[in-house]
Amino acid sequence: MASLIHCPHCGSRPKEEFSIRGDASLVRPSPSASDEEWHRYVHIRDNPKGRYKEHWHHAFGCRRWLVVERDNFTHEVFSVTDAAEAAKAVQA
Amino acid sequence: MNYVHRHVLEDLITGFEGSSNPHHLAVLKRPTVFSVLARPGREADARNVLANLQGVSVRISGPGEWLVVSEDVAIDSLARTLQDSGTGLFDAVDQSDGRVVLRLSGPQVRKILAKCLAVDLHADAFPVGASAATQCCHAAANLARTDQDTFELVVSRSFAGFVFEEILEMGREFAMTAGFSAG
Ligand SMILES: [Zn+2]
């Protein structure tokens, strides 16, 4: 249990308690957006190396969705925020 | 018609007899367990109301979310209390039949739990009264420290048999015994 994620609600927990959904930087297109745009949103993903924002679900802890910003090469974690808070910050 | 209450671990505990060793796993026979979820923005008020309830133990299960556990207060009675005191603050659902409460005790209990649990259990990090939603033996569990050498795990009914057997296995080096709690 090497990789620790600092959940804002639960504290330091091993990655085994989480499940990773993927890229957290995508923005859902409007319902009337083109098929091409929806196709990109649903299916097309970059595979970056380095600093990356992901949705993590603390499935075995608080069961909250989190936005984890980390380096997927060194696994340095830069920030962990509750996804609801992160969404509010985007809207504001 | 009579309904006979059978605990889900009844078959696993048959055969464990009499006296308990210093390291013991007690299964609460008929615990009262409620899950409570605060209304948005009322988390602090809800927490205060729960903290003032008599005869119950309040465990953290997420932000604005708790498990209320009791050995003494009956299910009906706690349901009424929570209904009356929670109006506008929180909603409570009875989980007593869906959860199993395991109580581990003994001088080396931390060593036993450390085999399958990734929460720091040192008294400085996890003092008496602390609780956490976490993973125990790969199953979701709510952990609470009820005394210096006593911890309680609340696991869902369907995982209880597995977790029970795993804990006994981990406690074997300390000759851990198991049985239903006297209460
Ligand atoms: Zn958490």
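How many salt bridges does the rule find across the interface of domain 1 of chain B and domain 2 of chain B? Hold on to that one for a moment, everybody, and let me set the scene. This is a predicted model, so please hear everything that follows in that light. I'll start inside chain B, then move to the contact between the chains, and finish with two residues in chain A.

So, chain B. The domain assignment gives us domain 1, made of 10-29 + 98-180, and domain 2, which covers 32-94. Their C-alpha centres are 23 Å apart. On contacts, twelve residues of domain 1 of chain B meet eight residues of domain 2 of chain B. Now, the size of an interface is often given as the accessible area lost when the parts come together. For these two domains of chain B that area is about 800 Å², with 56% coming from carbon and sulfur atoms. On the domain 1 side, the residues that lose the most area to domain 2 are R99(B), S131(B) and N142(B), which together make up 44% of what that side buries.

Back to my opening question: the rule finds two salt bridges across this interface of domain 1 and domain 2 of chain B. Have a look at R59(B) and E152(B), whose side chains meet in a salt bridge at 2.9 Å, N to O. That pair also belongs to a wider group, since R59(B), E71(B), R103(B) and E152(B) are linked in a network of salt bridges. Between the two domains of chain B there are also four residue pairs in polar contact, both partners at pLDDT 80 or more. If you want to find the surface on your screens, the elements giving two or more residues to the domain 1 side are β6 (99-105), β7 (131-136), β8 (139-147) and β9 (150-156) of chain B. The residues on that domain 1 side come out as six nonpolar, three polar and three charged.

Staying with charged pairs: the whole structure holds 16 salt bridges over all chains. Let me show you three in chain B. R39(B) pairs with D91(B), with the closest N and O atoms 2.8 Å apart. R39(B) sits in the loop between β2 (32-38) and α2 (43-51), while D91(B) is in strand β5 (residues 90-94), so this pair ties together parts of chain B that are 52 residues apart in sequence. R39(B) is partly exposed at 35% relative accessibility, and D91(B) is partly exposed too, at 40%.

Next up, K115(B) and E173(B) form a salt bridge, the closest N and O atoms being 2.7 Å apart. Here K115(B) is in the loop between α4 (109-113) and β7, and E173(B) is in the loop between α5 (157-170) and β10 (177-180), so the pair joins parts of chain B that are 58 residues apart in sequence. K115(B) is partly exposed, with a relative accessible area of 43%, whereas E173(B) counts as exposed at 57%. The third pair is E169(B) with R172(B), at 3.4 Å between the closest N and O atoms.

Now to where the chains meet. Eleven residues of chain A touch 13 residues of chain B. Together the two chains bury about 880 Å², 53% of it on carbon and sulfur atoms. In chain A, R13(A), F60(A) and R63(A) lose the most area to chain B, together 51% of what that side buries. Which residue forms a salt bridge with E65(B)? That would be R63(A), with the closest N and O atoms 3.2 Å apart, and the count between the chains is one salt bridge. Five residue pairs are in polar contact between chain A and chain B, both partners at pLDDT 80 or more. By class, the chain A side has four nonpolar, two polar and five charged residues.

Finally, chain A on its own. Along the sequence it reads β-β-β-α-β-β-β-α, and 35% of its 92 residues count as buried. Two residues in strand β3 make a nice contrast. D23(A) lies in that strand, residues 19-23 of chain A, and D23(A) is buried, at 17% relative accessible area. R21(A) is in strand β3 of chain A as well, but R21(A) is exposed, at 52%. The side chain of D23(A) makes a polar contact with the side chain of S25(A) at 2.7 Å. Leaving out residues up to four places away in sequence, D23(A) touches R45(A), Y52(A), K53(A) and H55(A), while R21(A) touches H55(A) and W65(A). Thanks, everyone!

Methods
Residues numbered from 1 in each chain as written. Chains lettered and ligands numbered in written order. Predicted model: local features only at pLDDT ≥ 70, side-chain atom pairs only at ≥ 80, totals over all residues. Heavy atoms only, no water. Contact = heavy atoms within 4.5 Å. Buried area = accessible area lost by both parts, 1.4 Å probe. Salt bridge = Lys/Arg side-chain N within 4 Å of Asp/Glu carboxyl O. Polar contact = N/O pair within 3.5 Å; in protein donor to acceptor, adjacent residues only side chain to side chain. Nonpolar A, V, L, I, M, F, W, Y, C, P; charged D, E, K, R; others polar. Domains from an automatic or database assignment. Helix = DSSP H or I, 4+ residues; strand = E, 2+ residues; numbered from the N terminus. Buried < 20%, exposed > 50% of the residue type's maximum accessible area, 1.4 Å probe, protein only.
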